[in-house]
Amino acid sequence: MSSKVSKKNRFQLKKPELSERNQKLKEELAAAPPQRNVMEGFTKWRMITYAWLIFLPPYGLYRVWSKESTFTRPERVVWTFMMIVYMLRFLWVILLS
């Protein structure tokens, strides 16, 4: 009636072997650089820069492009284009009203 297989062994599942493709994907994920933390966008330096971008865009862009800035190159380009559009819209409203 009772078997010699312990409860511990009875409930252990065999881990399936990874296919060659899955093994390769697992290795690629392990080798990938770690992703950036979301909170990096809210450092004290960046929050002050965001305020300068809103209230005085030329100085804000200076802070974005300075050497001590933590913005990545794509972020710098996006902020630059956003400020260009912002300033053009501002001039458009001033000149046409």
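**Exercise 1. Work out how much of the chain is buried, and what its surface and fold look like.**

Buried residues (under 20% relative accessible area, with exposed meaning over 50% and partly exposed in between, using a 1.4 Å probe and protein chains only) make up 16% of the 97 residues in the chain. Before going on, note that this is a predicted model, where local features need pLDDT of at least 70, side-chain atom pairs count only at pLDDT 80 or more, and totals for chains, interfaces and linings use all residues. Residues are numbered from 1 along each chain as its sequence is written, and side-chain values use heavy atoms, with hydrogens and water left out.

Next, the surface: about 9200 Å² is accessible, and 66% of that belongs to carbon and sulfur atoms (Shrake-Rupley method, 1.4 Å probe; for residues, only the protein chains shown count as cover).

Then the fold: there are five helices and zero strands, giving the pattern α-α-α-α-α along the sequence. Helices here are DSSP runs of H or I with at least four residues, strands are E runs of at least two, and both are numbered from the N terminus.

Last, contacts (heavy atoms within 4.5 Å): among those between residues at least 6 apart in sequence, 33% join residues at least 24 apart.

**Exercise 2. Find the salt bridge and describe its two ends.**

Start with the rule: a side-chain nitrogen of Lys or Arg has to lie within 4 Å of a carboxyl oxygen of Asp or Glu. Side chains of opposite charge can pair when their charged atoms come close.

Apply it, and the count comes to one salt bridge. The partners are Arg-46 and Glu-75, with the closest N and O atoms 3.0 Å apart. They link distant parts of the chain, since Arg-46 sits in helix H3 and Glu-75 in helix H5, 29 residues apart.

Now check the cover. Arg-46 has 3% relative accessibility, so it counts as buried. Glu-75, at 21%, is partly exposed.

**Exercise 3. Compare how H3 and H4 each lie against H5.**

Take H3 with H5. Their axes come within 11 Å and cross at roughly 25 degrees; axes are lines fitted to C-alpha atoms, for helices over the stretch in contact, and angles run from 0 to 180 degrees between N-to-C directions. That makes H3 roughly parallel to H5 (under 35 degrees; over 145 is roughly antiparallel, 65 to 115 roughly perpendicular, the rest oblique). On the H3 side, Arg-46, Tyr-50, Leu-53 and Ile-54 make the contact, and on the H5 side Glu-75, Trp-79, Met-83 and Tyr-86 do. Sorted by type, that is six nonpolar, no polar and two charged. Nonpolar covers Ala, Val, Leu, Ile, Met, Phe, Trp, Tyr, Cys and Pro; charged covers Asp, Glu, Lys and Arg; the others, Gly among them, are polar.

Take H4 (residues 57-65) with H5 (residues 73-96). These axes come within 10 Å and cross at roughly 170 degrees, so H4 and H5 are roughly antiparallel. The H4 residues are Pro-57, Leu-61, Val-64 and Trp-65, and their partners in H5 include Arg-73, Trp-79 and Met-87. The split in this contact is nine nonpolar, one polar and two charged.

**Exercise 4. Trace the surroundings of Thr-49 and Gly-41.**

Thr-49 belongs to helix H3 (residues 44-55) and is buried, at 0% relative accessibility. Beyond its neighbours within four places in sequence, Thr-49 touches Gly-60, Arg-63, Val-64 and Phe-71.

Gly-41 lies in the loop between helix H2 (20-31) and H3, and its 15% relative accessibility makes it buried too. With the neighbours within four places again set aside, Gly-41 is in contact with Arg-46, Met-47 and Tyr-50.
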